[in-house]
Amino acid sequence: DALFRVLEKFNLRKFYFKSLHITIILLLLIIPFWYTSNQNFLFLLDKKNEGENTAKFVSTLKKDGVMGQIGYTPQLNYLTKKRIIAMPSNPEKIFFLIDLYNINYVVYGSRYNAPFEEGNGNNIYNYESIKYIREKPDKFRLFAIIKEDYGDLTDFRNKDEVYIYEVIRN
């Protein structure tokens, strides 16, 4: 009501209705052109997630509590009902967090960085922690290697190997 009073006061009511009609006509003309160049309508898109194979495997694990390398934790949190925490960068804190949060599995891969190689610490998130896990077979047992193929989801590293280790408790 107030808008119409202002429009009448400044004698803009006719302009308002004309501009509204012009806007609607322009939208109706633009939509077909937009659709032909952008055929993926937002609400009709298939939901695509990274790490679906890993999440399916983690969901089947009997125990709860997973520690994941930086980058994997958001997807695992979203796709599983497991309790997921991020891996610390400092390997001295791994067992403190494992005990504190009752962690039973550790997950890492090469999706968000270079594949793990000795001396390649500058290119790998959590390099020291992963190195620690790999060097302690008495504390961590390789449980599974999951192959991921991200296809056209991204241009960055379409293939991945995700390593899942089980925490060995004494």
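At the heart of this predicted model sits its largest nonpolar core, with 15 residues. Met67, Met87, Ile98, Val106, Ile133, Phe140 and Tyr165 have the most contacts inside this core. H5, strand E3 (105-109), helix H6 (127-134) and E5 each bring at least two residues to it. Around that there's a second core to look at, a set of six salt bridges, and a buried lysine, Lys82, that has no salt bridge.

**The nonpolar cores**

- Val106 is a handy place to start: leaving aside neighbours within four places in sequence, Val106 is in contact with Met67, Met87, Ile133, Phe140, Tyr163, Ile164, Tyr165 and Val167.
- Apart from the largest core lies another one, made of 13 residues, and Leu76, Ile84, Tyr105 and Ile146 are among them.
- As a bit of background, nonpolar side chains in soluble globular proteins tend to be buried together.

**Helix H6 and its buried side**

- Tyr127, Ser129, Ile130 and Ile133 are the buried residues to look for in H6.
- They span an arc of only 165° around the axis, so they end up on the same side of H6.
- The general rule here is that an α-helix has 3.6 residues a turn, so residues three or four places apart point the same way.
- If you want to see what covers the buried residues of H6, the list includes H5, E3, E4 and E5.

**Salt bridges**

- Lys63 and Glu166 pair up through their side chains in a salt bridge, at 3.6 Å from N to O.
- Lys63 is in the loop between helix H3 (52-60) and strand E1 (66-68) while Glu166 is in strand E5 (residues 159-167), so this pair ties together parts that are 103 residues apart in sequence.
- The two partners sit in different settings: Lys63 is partly exposed at 37% relative accessibility, whereas Glu166 is buried, with a relative accessible area of 14%.
- This pair also belongs to a network of salt bridges that links Lys63, Arg141 and Glu166.
- Arg169 and Asp99 form another side-chain salt bridge, at 4.0 Å from N to O.
- That one links distant parts of the chain too, with Arg169 in the segment after E5 and Asp99 in helix H5 (residues 94-101), 70 residues apart.
- Arg169 counts as partly exposed at 40% relative accessibility, and Asp99 counts as exposed at 54%.
- Lys147 and Glu161 meet through their side chains at 2.3 Å, N to O.
- Here the link runs between strand E4 (residues 140-149), which holds Lys147, and strand E5, which holds Glu161, with the two residues 14 apart.
- Lys147 is exposed, with a relative accessible area of 53%, and Glu161 is partly exposed, with 27%.

**Lys82, buried without a salt bridge**

- You'll find Lys82 in the loop between helix H4 (73-79) and strand E2 (84-86).
- Lys82 is buried and yet has no salt bridge: Asp64, the nearest side chain of opposite charge, is 4.8 Å away, and a salt bridge needs the nitrogen within 4 Å of a carboxyl oxygen.
- What does lie by its side chain is backbone: the oxygen of Leu61 is 2.5 Å from a polar atom of the Lys82 side chain, and the backbone oxygen of Lys63 is 3.2 Å from one.
- Leaving aside neighbours within four places in sequence, Lys82 is in contact with Val58, Ser59, Leu61, Lys62, Lys63, Asp64 and Asn77.
- Lys63 therefore turns up in two of these stories, with its side chain in a salt bridge to Glu166 and its backbone oxygen 3.2 Å from a polar atom of the Lys82 side chain.

Technical notes:
Residues numbered from 1 in each chain as written. Predicted model: local features only at pLDDT ≥ 70, side-chain atom pairs only at ≥ 80, totals over all residues. Heavy atoms only, no water. Helix = DSSP H or I, 4+ residues; strand = E, 2+ residues; numbered from the N terminus. Buried < 20%, exposed > 50% of the residue type's maximum accessible area, 1.4 Å probe, protein only. Lys, Arg positive; Asp, Glu negative; His and termini not counted. Polar contact = N/O pair within 3.5 Å; in protein donor to acceptor, adjacent residues only side chain to side chain. Contact = heavy atoms within 4.5 Å. Core = buried A, V, L, I, M, F, W, Y, C linked by side-chain atoms within 4.5 Å. Arc of directions from axis to C-beta.
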